[in-house]
Structure formats: structure tokens, C-alpha cells
Amino acid sequence: MPMSTAGATGKQSVMIDLQNRPLAWKIGAVFVGTLFLALSSYIEVPMVPVPVTLQTFAVALVGALYGWRLGGVTITAWLVEGALGLPVLAGGAAGIHHFLGPTGGYLFAFPIAGMVMGFLAERGWNGQRVVLAFAGMLASNILCLVLGAAWLAALVGAEQAIVLGVVPFLLGAVLKSALGAAVLKLVSGRTARLPE
């Protein structure tokens, strides 16, 4: 799979160039991406009212690798799977009720956060610029927290939403962002050595 670098316009693009691939490649990428997102959901630390998982790490990484369009489609497809009853959400959860309860805001934030990271990656915030990759990953994670807490505030109040839905996750957001930037750096270094 060719990896992209700066194009003729000088604009950076995503690390995995799926945009110019046949539809079958894109469908396969969506399948692999939803599988990766589902697996990330099983790695969790139980907390109330929202568990800590690797979902935000996976969401940002899918966005960075796939770009904002295909990343958004992939993340949305994964959420549809969960809403339809497939056990792909945190801890193997499933069902539409998860989109209506305390976790709903975080779930609805995932496609937006992934698309933001994809948009930034397309502009060079990727493994070739690891500090920018970290900043993009962190922005994606923080966006999930902000949107999720806004939803949670409607259920438990603003102060409780911040105490329960943001503060416990800040250190994890930084660590997951660093891990995401490191993965992008590794992918970038590896693909730079591949023949075109």
C-alpha cells in the first residue's frame, strides 16, 4: 500500500493512501478499521460513569492513517455495528441504549474527533512531524472529552460532568496521544524505507 508524502502542491496527505484505491480496498480498510476499533474497546479500566478504554487512541489513529473522509466512515460504521447489537463497544457492550446514556456524548464525539485528526494528518500532523502528531492526537482526545462531558452535563450537571467525565481521563489522554504519535512515527519510518 503506497504511503504518501508531500504532493505536487506541497500539501501533506494521509499516511496510507486509500483515496486512490478501488472500492474493494476501501471496503476492506473499513472492515479492518472497525475490527481494530472493536478490539480497542475490550482494553478497558472500569470507571464510573464512563470506562477508560483505548477507543480514543484507536479513533485518532484510524483518522490519522485513513484521512478524514474514510476515517469518519470507518468510525461511523463501527458505531452503527454497536448500535445494531454487535459487541464492539467498551467491554463488549452493544445496543442503542449506550448512545442515550452517560456514554452517548463520547460515542457521538468519536467520528468528529477521528475526522479532526484525519484532517490534521492530511496537512502534515503525522509521523513525519511527531510533535504535531502528538498535538493532533491530544486535540482529538480532548475533543472527545469536551463533547462527551457536554452530553454528560445534561444528565448529571456541569460540575459532576467535569469531575467524573473529564478529570480522570486527562492523564490517559496524554499517554494515549504519546502512544499514537509514536505509532505514527514508526509507521512513517517504516514506510519511508519501502520501495515505491
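**Figure 1. Helix 5 gives the most to a nonpolar surface patch, contributing three residues.** In this predicted model, the patch covers about 600 Å². Its members are Ile112, Val116, Ile142, Val146, Leu147, Ile162, Val167 and Leu170. Two elements, helix 4 (104-122) and helix 5 (130-156), each give two or more residues to the patch. One of the patch residues, Leu147, is placed in helix 5. Leu147 has a relative accessible area of 31% and is therefore partly exposed, a class that lies between the limits of 20% and 50%.

**Figure 2. Phe108 and Trp151 form a tilted aromatic pair.** Four aromatic pairs are found when the whole structure is searched. In the pair of Phe108 and Trp151, the ring planes make an angle of 45°, and the distance is 5.6 Å centre to centre. Distant parts of the chain are linked by this pair, since Phe108 belongs to helix 4 and Trp151 to helix 5, 43 residues apart. Phe108 is partly exposed, with a relative accessible area of 44%. Trp151 is likewise partly exposed, its relative accessible area being 30%. Ring pairs also bring in Phe99, so that a cluster of Phe99, Phe108 and Trp151 results.

**Figure 3. Arg123 takes part in a salt bridge and also lies over an aromatic ring.** The partner in the salt bridge is Glu122, and the two side chains meet at 3.5 Å, N to O. A search of the whole structure finds one salt bridge. Side chains of opposite charge can pair when their charged atoms come close. The two partners differ in accessibility: Arg123 is partly exposed at 33%, whereas Glu122 is buried at 10%. Glu122 counts as buried because its value falls under 20%. The ring beneath Arg123 is that of Phe119, with Arg123 over its face at 3.7 Å from the ring centre.

**Figure 4. Arg21 lies over the face of Trp25.** The distance from Arg21 to the ring centre of Trp25 is 4.2 Å. An arginine over a ring face is also found at Arg123, which lies over Phe119.

**Figure 5. Helix 2 is largely enclosed by the rest of the structure.** Helix 2 spans residues 55-66 and has 12 residues. From the first C-alpha to the last, helix 2 reaches 16 Å, close to the 16 Å expected at 1.5 Å a residue. Of its 12 residues, 12 are buried, which is why helix 2 is described as largely enclosed. The buried residues include Phe57, Leu61, Leu65 and Tyr66. Gln55 and Thr56 are also among them, as are Gly63 and Ala64. Gly67 follows helix 2 and has a positive phi, near 90°.

**Figure 6. The chain contains seven helices and two strands.** This view places the preceding close-ups in the whole chain. Along the sequence, the elements follow the pattern α-β-β-α-α-α-α-α-α. The chain has 196 residues, and buried residues make up 44% of them. Helix 2, with 12 of 12 residues buried, is one of the elements shown above. Helix 4 and helix 5 appear both in the nonpolar patch and in the pair of Phe108 and Trp151.

Terms used:
Residues numbered from 1 in each chain as written. Predicted model: local features only at pLDDT ≥ 70, side-chain atom pairs only at ≥ 80, totals over all residues. Heavy atoms only, no water. Helix = DSSP H or I, 4+ residues; strand = E, 2+ residues; numbered from the N terminus. Expected span 1.5 Å × (residues − 1). Buried < 20%, exposed > 50% of the residue type's maximum accessible area, 1.4 Å probe, protein only. Patch = residues over 30% accessible without salt bridge, like charges linked within 9 Å, V, L, I, M, F, W, Y side chains within 5 Å. Areas by Shrake-Rupley, 256 points an atom, 1.4 Å probe, with all protein chains shown as cover. Salt bridge = Lys/Arg side-chain N within 4 Å of Asp/Glu carboxyl O. Phe/Tyr/Trp six-rings, centres within 6.5 Å; stacked < 30°, edge-to-face > 60°. Lys NZ or Arg CZ within 6 Å of the ring centre and 35° of its normal.
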